[in-house]
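Here is a friendly briefing to read alongside the model. Have the sequence and the 3D view open as you go.

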Amino acid sequence: MESDRVVKVAVLGSAAVSADSPAAEKAFAVGELIAARGGILLTGGCTGLPHAAVRGAIAFGGVTVAVSPAGNREEHGRVYSYPLDSRIMIFTGMGTKGRNVILIRSSDACVFIGGGMGTLNEFTIAFDEMGPRQAIGILAGTGGLSSEFLRLGSLAGGSSRALLVEHSDPAELVGSLFNHLHGA
């Protein structure tokens, strides 16, 4: 990837985690770090850990994009009860599973933080579809199914074509992803 190209990083994880949890604090830091490196932060437009990352990116003055499962702004807020504070909102009208494919395919890298079955769905899409010039990061120590993603990847009988890296420190994780994407 050219070093002057803007990197798009999806942050994926549990929508059910409270904003004051240790995992949410780490997600906030991930958002700040992506923004500090000039990256664009993408999420599924939901609450919880992805939204904590959005708040971090916004606090740093970064650009955030919500790839919504809803067909329009009203449905995003009323039906899904999702926040409306991302700078850019893309309404897919495809529900959460369909939105996940668009979100992953639109990203240069994915950061997984905690998560449940929806996050597992996102991981399997990223693991299967991302290529060698892309990256998958797992923020260790944040609970949920993401703590099993490295093991699940090895059980899949192969490896992802994308860089697959795990760190417990948000700065180390985001740094590894950006270094890979910029060819360092």
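The notes below cover a pocket, a helix, two loop residues and a cavity.

Please keep in mind that this is a predicted model. Its largest pocket has a volume of about 200 Å³, and one of the elements that help to line that pocket is helix 5 (117-129).

**The largest pocket**
- The lining of this pocket is made up of 18 residues, and those closest to the centre are Gly13, Arg99, Gly118, Thr119 and Glu122.
- At least two lining residues come from each of strand 1 (8-13), helix 4 (95-105) and helix 5.
- Helix 4 is the top contributor to this lining, giving four residues.
- By class, the pocket lining has nine polar, six nonpolar and three charged residues.

**Helix 5**
- With 13 residues at 1.5 Å a residue, helix 5 should span 18 Å, and the model agrees because its end C-alpha atoms are 18 Å apart.
- Six residues of helix 5 are worth finding in the viewer, as Thr119, Glu122, Phe123, Ile125, Ala126 and Phe127 are buried.
- An α-helix has 3.6 residues a turn, so residues three or four places apart point the same way.
- The cover over the buried residues of helix 5 includes strand 1, helix 4, strand 5 (109-113), strand 6 (135-139), helix 6 (149-155) and strand 7 (163-167).
- Thr119 and Glu122 are among the buried residues of helix 5, and both are also listed among the residues closest to the centre of the largest pocket.

**Ser107, in a loop**
- Look for Ser107 in the loop between helix 4 and strand 5.
- Ser107 counts as buried because its relative accessibility is 2%, where the cut-off for buried is under 20%.
- The Ser107 side chain reaches the backbone oxygen of Leu103 at 2.8 Å.
- Leaving aside residues up to four places away in sequence, Ser107 touches Lys8, Ala10, Leu42, Met130 and Gln134.

**Ser81, in another loop**
- Ser81 sits in the loop between helix 3 (73-78) and strand 4 (88-91).
- Ser81 is exposed, because its relative accessible area is 51% and the cut-off for exposed is over 50%.
- The phi of Ser81 is near 55 degrees, a positive value in a residue that is not glycine.
- Most residues other than glycine have a negative phi.

**The cavity**
- The structure has one cavity of 30 Å³ or more, and the largest cavity holds about 30 Å³ of space.
- Its lining consists of Thr43, Gly45, Cys46, His51, Val54, Ala66, His76, Pro83, Asp85, Ser86 and Met89.
- Five nonpolar, five polar and one charged residues make up that cavity lining.

Methods:
Residues numbered from 1 in each chain as written. Predicted model: local features only at pLDDT ≥ 70, side-chain atom pairs only at ≥ 80, totals over all residues. Heavy atoms only, no water. 1 Å grid on protein atoms, 1.4 Å probe; cavity = no way out; pocket = protein on both sides within 12 Å on 5 of 7 lines; lining within 4 Å. Points joined across faces, edges and corners; volume = space filled by probe spheres on them. Nonpolar A, V, L, I, M, F, W, Y, C, P; charged D, E, K, R; others polar. Expected span 1.5 Å × (residues − 1). Buried < 20%, exposed > 50% of the residue type's maximum accessible area, 1.4 Å probe, protein only. Contact = heavy atoms within 4.5 Å. Polar contact = N/O pair within 3.5 Å; in protein donor to acceptor, adjacent residues only side chain to side chain.
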